[in-house]
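Reader: I have a new chain open on my screen and would love to walk through it with you. Shall we take it one question at a time?

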Amino acid sequence: MRYHLYINDIIAPWALSAAYVENALQSALADGEPSDELSVYINSLGGDVAEALKIREVLRQSPVPCRAYIFGLTASAATVIATGCTAGVCVSQFALMLIHCSSVDYSAIGGFNEQRLQELAAEINVQADALRKIDNLLASIYAARQSNAERDADFYLEQMRREEWLTADAAVKLGLADSLIEADADYKTPCPADCSAARLLQVSALGLPLTAEMAEKINGLVKPAEDNRDTIDTIDTIDTIDTISLEQELAALRQESETLRQENATLRQESETLRQESETLRQESETLRQAAMLPAEETFAVIEAPAATADNKFVRAQAAYETFKHLL
């Protein structure tokens, strides 16, 4: 049994990371049987150098030997990962590889006086020194491969400075790969013929070569148009039923919304009535309060009693008493 790992995305902690590769490797080894080899299929333009170095070390520490298969455009940090495959590196005749010097994003905005320019120059020198160390490290990694014993780090550093795409033949000649994948007969199937349909489609999408048996299985995943007619009719019927059901639910929601609107209008009207009644009670209360606070002579003036004359003072006082006795 052989295990398979795909490096086909941006290499970064938030994308294809060392943690992902390690978990995938451990999961494959735990679920399967002892294997004689791990096949690593690489088709990536690279990414973060630090993450690539971590992935390289994960492959180097694998309990089973790792062999890399290079396809498409493989460049930058992805080529560093390939060096972690100690069983060898195979490159497709239709692939291109690129190794180059490391780089860092750097920007400076604003006005600069002499002192700030000197500080900026010092910062740039620090960055340049760090990049030189990284470049020397990467060149040493390329040179450390067994097939490159006759070439030193300076040789690969010069190749990195050229930053040119290498054909499969050139990659083998420079020692970045060990052998060519010239035809399907020279290529080991990336997954067994009885693997899942999802894995077959993944392999096909990557542009990897397929055996005749695997291609036939993929073709069998798509039914002819006449075989799909019943399925299409069933789907249309379900869509029609779903549409009617949605229209009925929409009408019910509209009716419920109208009922709520009417109830809201009724509540507003009742609230206005209560507000008016409350205002009337407030006015009556204010009238009684003011009447209770008036002097005696003014109180007699506001009640309906006989006219104040010298002959009916007693009657007027008695009428006032009868009017206000309930307040005592």
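Author: Happily! A residue is called buried when its relative accessible area is under 20%, exposed when over 50%, and partly exposed in between. Please keep in mind that this is a predicted model.

Reader: With that in hand, what percentage of the residues in the chain do buried residues make up?

Author: The chain has 11 helices and eight strands. About 21,100 Å² of area is exposed by the chain, with carbon and sulfur atoms supplying 54% of it. Of the 328 residues, the buried share is 29%.

Reader: Which residues have the most contacts inside the largest nonpolar core?

Author: That core has 45 residues. Another core lies apart from it, with six residues, among them Tyr6, Tyr41, Phe71 and Ile181. In the largest core, the residues with the most contacts are Leu38, Val40, Ile42 and Leu59.

Reader: Strand E2 caught my eye. How many of its residues are buried?

Author: E2 spans residues 37-42. Glu37, Ser39 and Tyr41 point one way from the strand, while Leu38, Val40 and Ile42 point the other way. Both sets are buried, and the count for E2 is six of six.

Reader: And which residue in E3 stands opposite Val40?

Author: E2 and E3 pair in the parallel sense, over five bridges. Leaving out residues up to four places away in sequence, Val40 touches several residues, including Leu5, Leu59, Cys66 and Tyr69. Ala68 is also one of those contacts, and the residue opposite Val40 in E3 is Ala68.

Reader: Let's turn to the open sheet. Which strands are its edge strands?

Author: The sheet is formed by three strands in the order E4-E6-E7, with mixed pairing. Each edge strand pairs on one side only. Those strands are E4 and E7.

Reader: Which residue of E7 does Leu96 stand opposite?

Author: Strand E6 covers residues 96-98, and two bridges join it to E7. The two strands run antiparallel. Across from Leu96 in E7 is Thr167.

Reader: Gly72 sits in a loop. How far apart are the C-alpha atoms of Gly72 and Ile42?

Author: The loop with Gly72 lies between strand E3 (66-70) and strand E4 (73-75). Beyond the residues up to four places away in sequence, Gly72 touches Asn43, Ala95 and Leu96. Gly72 and Ile42 are 30 residues apart along the chain, and their C-alpha atoms are separated by 8.5 Å.

Reader: Is Leu45 buried or exposed?

Author: Leu45 is placed in the loop between strand E2 and helix H2 (49-60). Together with Leu73 and Trp165, Leu45 makes a nonpolar surface patch of about 310 Å². The cut-off to pass is over 50% relative accessible area. Because its relative accessibility is 58%, Leu45 counts as exposed.

Reader: Why does Thr83, also in a loop, count as buried?

Author: Thr83 lies in the loop between helix H3 (77-82) and strand E5 (88-92). Setting aside neighbours within four places in sequence, Thr83 is in contact with Arg56, Ile141, Tyr142 and Arg145. Thr83 counts as buried because its relative accessible area is 9%.

Reader: Now for the charges. How far apart are the closest N and O atoms of Arg116 and Glu119?

Author: Side chains of opposite charge can pair when their charged atoms come close. Arg116 and Glu119 lie three residues apart in helix H4 (residues 114-143), about one turn of the helix. Arg116 is partly exposed at 29% relative accessibility, and Glu119 is partly exposed at 36%. The closest N and O atoms of their salt bridge are 3.5 Å apart.

Reader: Helix H4 holds another pair, Arg132 and Asp129. Which residues do shared salt-bridge partners join into one network?

Author: Arg132 and Asp129 are three residues apart in H4, and their side chains meet in a salt bridge at 3.7 Å, N to O. Arg116 also meets Glu123 in a salt bridge, at 3.6 Å. Arg132 is partly exposed, with a relative accessible area of 48%. The network joined by shared partners consists of Arg116, Glu119 and Glu123.

Reader: One last count: how many salt bridges does the structure hold?

Author: We have met the bridges from Arg116 to Glu119 and from Arg132 to Asp129. Arg116 with Glu123 is another. For the structure, the number of salt bridges is 11.

Notes: Residues are numbered from 1 along each chain as its sequence is written. This is a predicted model: local features need pLDDT of at least 70, side-chain atom pairs count only at pLDDT 80 or more; totals for chains, interfaces and linings use all residues. Side-chain values use heavy atoms; hydrogens and water are left out. Helices (H or I, at least four residues) and strands (E, at least two) are DSSP runs, numbered from the N terminus. Contact means heavy atoms within 4.5 Å. A nonpolar core is a set of buried Ala, Val, Leu, Ile, Met, Phe, Trp, Tyr and Cys residues joined through side-chain atoms within 4.5 Å. Buried means under 20% relative accessible area, exposed over 50%, partly exposed in between (1.4 Å probe, protein chains only). Patches are made of residues with over 30% relative accessible area and no salt bridge: like charges are joined within 9 Å, nonpolar side chains (Val, Leu, Ile, Met, Phe, Trp, Tyr) within 5 Å. Accessible areas come from the Shrake-Rupley method with a 1.4 Å probe; for residues, only the protein chains shown count as cover. A salt bridge is a side-chain nitrogen of Lys or Arg within 4 Å of a carboxyl oxygen of Asp or Glu. Two strands pair if DSSP finds at least two bridges between them.
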